[in-house]
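Thanks for asking me to look through this structure with you. I have put my remarks in numbered points, so you can take them one at a time.

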Amino acid sequence: MALRTGRPRGAARRRPTMAERADRYELYERAVHDPVAEVDFIRSTYAALRGHRPLVFREDFSGPASAACEWARRGPQCRAFGVDIDAAVLDWGRRHRLSRLRPAARERVRLVHADVLEARTPHADVVAALNFSYWVFRDRATLLRYFRSVHGALRRDGLLVLDAFGGYEASREMEEHTRFRHFTYVWDQAEFRPVTGEITCHIHFRFPDRSRIDRAFTYEWRLWTLPELRELLAEAGFSRATVYWEGDDGDGGGNGEFTPEAAGDADAGWIAYLVAEK
Ligand SMILES: C[S@@+](CC[C@H](N)C(=O)[O-])C[C@H]1O[C@@H](n2cnc3c(N)ncnc32)[C@H](O)[C@@H]1O
């Protein structure tokens, strides 16, 4: 009796392509996310501003909650919350990130399936919204509502940590290709609309066997400027919002060191942190 394989008799077994075997969340994290550097920056900045260590952290737009997991690794008193609206990415984080923690650290991370505008969590020392995720709020009223809700979710001396990108290349419609060991990461600024400030970006992945994942992720954002953000943070009740600008590596790139800056440089493309104090 013939085995029922679902394959026509005589058909050759096709090897799955690299794209078919890839995990888009894993590729995203390898290409654009450095939770160790993020948590280092947040903890040292908090200690410098407040004179003591932060304990409770909320990662908004957390995706798989990698930064929340990194936070929990930093000590037995370090508790973290990861808030995301997408149950599938939280589930991926539970299976691939929380599972890597020791049981005691895992106990200190809680994933919250919610819209960040509605999330209710215990008061935090730090709330972070990174990789520009809060740019999903494309009008002033909604972004102000978000900043106000974070203000209410922070302890008395809490911080909101954001990041932003800009420079004259930020509104250019273009692709940037970065090679990694087994794939190429493509950042695609597909469309920018000057009248609304809205930008559509995609992430694609390409593989050495010529397979690809097009539009692995798509973002419909507003390209907010630093002065707009600082004014909104003040309106939401934050007492001060400081821009931390990246230092120069001497070769036209950033060196990963961020320091307070009042003016900045007219770089083609920059990334900065914005730290708002309650
Ligand atoms: C670019 S990923 C950020 C992942 C990771 N935190 C990082 O820094 O790279 C954006 C995430 O925001 C989530 N998201 C979008 N709108 C949201 C909202 N209103 N509330 C909560 N999460 C939201 C998406 O589900 C997605 O996982």
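The points below go from the ligand to a pocket, and then to some helices, strands and loops.

1. Please keep in mind from the start that this is a predicted model. Each remark here describes that model.

2. Let us begin with the ligand. There are 18 residues around the ligand, and Tyr 28, Phe 61, Asp 84, Val 116 and Asn 131 come nearest. Sorted by class, this shell has nine nonpolar, five polar and four charged residues. It is worth finding the five nearest residues in the viewer before you read on.

3. Next, look at the polar atoms facing the ligand. The side chain of Asp 84 has a polar atom 2.7 Å from an oxygen atom of the ligand. The side chain of Asn 131 also places an N or O atom 2.7 Å from a ligand oxygen. Ser 62 takes part through its backbone, where an N or O atom lies 3.4 Å from a nitrogen atom of the ligand. How much of the ligand's area does the protein bury? The ligand taken alone exposes 600 Å², and the protein buries 86% of that.

4. Phe 61 deserves a second look. You have met Phe 61 as one of the residues that come nearest to the ligand. Its place in the chain is the loop between strand E1 (56-60) and helix H4 (66-73). Phe 61 is not a glycine, yet its phi is positive, at about 50°.

5. Follow the chain from that loop into H4. Is this helix mostly covered or mostly open? H4 is mostly covered, with seven of its eight residues buried. Those buried residues are Ser 66, Ala 67, Ala 68, Cys 69, Glu 70, Trp 71 and Ala 72. Notice that Glu 70 is on this list, along with Trp 71.

6. Now see what comes after H4. Arg 74 sits in the loop between H4 and strand E2 (79-84). Its relative accessibility is 28%, so Arg 74 counts as partly exposed. Arg 74 and Ala 105 are 31 residues apart in sequence, and their C-alpha atoms are 8.9 Å apart in space. Gly 75, which also follows H4, has a positive phi near 155°.

7. Gly 51 offers another pair to set beside that one. Gly 51 lies in the loop between helix H3 (35-50) and E1. Gly 51 counts as exposed because its relative accessibility is 66%. From Gly 51 to Arg 21 there are 30 residues in sequence and 47 Å in space, C-alpha to C-alpha. Try drawing both distances in the viewer: 8.9 Å for Arg 74 and Ala 105, and 47 Å for Gly 51 and Arg 21.

8. A pair from a single helix comes next. Ala 141 is in helix H7, which covers residues 140-153. With a relative accessible area of 58%, Ala 141 is exposed. Ala 141 and Ala 153 are twelve residues apart in sequence and 18 Å apart in space, C-alpha to C-alpha.

9. Strand E9 (residues 212-222) holds two arginines to compare. Arg 215 has its place in this strand, and Arg 222 lies there too. Why does Arg 215 count as exposed? The reason is its relative accessibility of 56%, as the cut-off for exposed is over 50%. Arg 222 has 16% relative accessibility, so it counts as buried, the limit being under 20%. Arg 215 also has a positive phi, near 50°, although it is a residue other than glycine.

10. What does the side chain of Arg 222 reach at 3.0 Å? It reaches the backbone oxygen of Arg 138. The side chain of Arg 222 also makes a polar contact with the side chain of Glu 228, at 3.3 Å.

11. Finish with the second largest pocket, which holds about 190 Å³ of space. Its lining has 14 residues, and Leu 226, Trp 245, Ala 263, Gly 264 and Trp 270 lie nearest the centre. Helix H8 (226-235) and strand E10 (240-248) each supply at least two lining residues. H8 gives the largest share, three residues. By class, the lining has eight nonpolar, two polar and four charged residues.

Key. Residues numbered from 1 in each chain as written. Predicted model: local features only at pLDDT ≥ 70, side-chain atom pairs only at ≥ 80, totals over all residues. Heavy atoms only, no water. 1 Å grid on protein atoms, 1.4 Å probe; cavity = no way out; pocket = protein on both sides within 12 Å on 5 of 7 lines; lining within 4 Å. Points joined across faces, edges and corners; volume = space filled by probe spheres on them. Helix = DSSP H or I, 4+ residues; strand = E, 2+ residues; numbered from the N terminus. Nonpolar A, V, L, I, M, F, W, Y, C, P; charged D, E, K, R; others polar. Near = heavy atom within 4 Å. Polar contact = N/O pair within 3.5 Å; in protein donor to acceptor, adjacent residues only side chain to side chain. Areas by Shrake-Rupley, 256 points an atom, 1.4 Å probe, with all protein chains shown as cover. Buried < 20%, exposed > 50% of the residue type's maximum accessible area, 1.4 Å probe, protein only.
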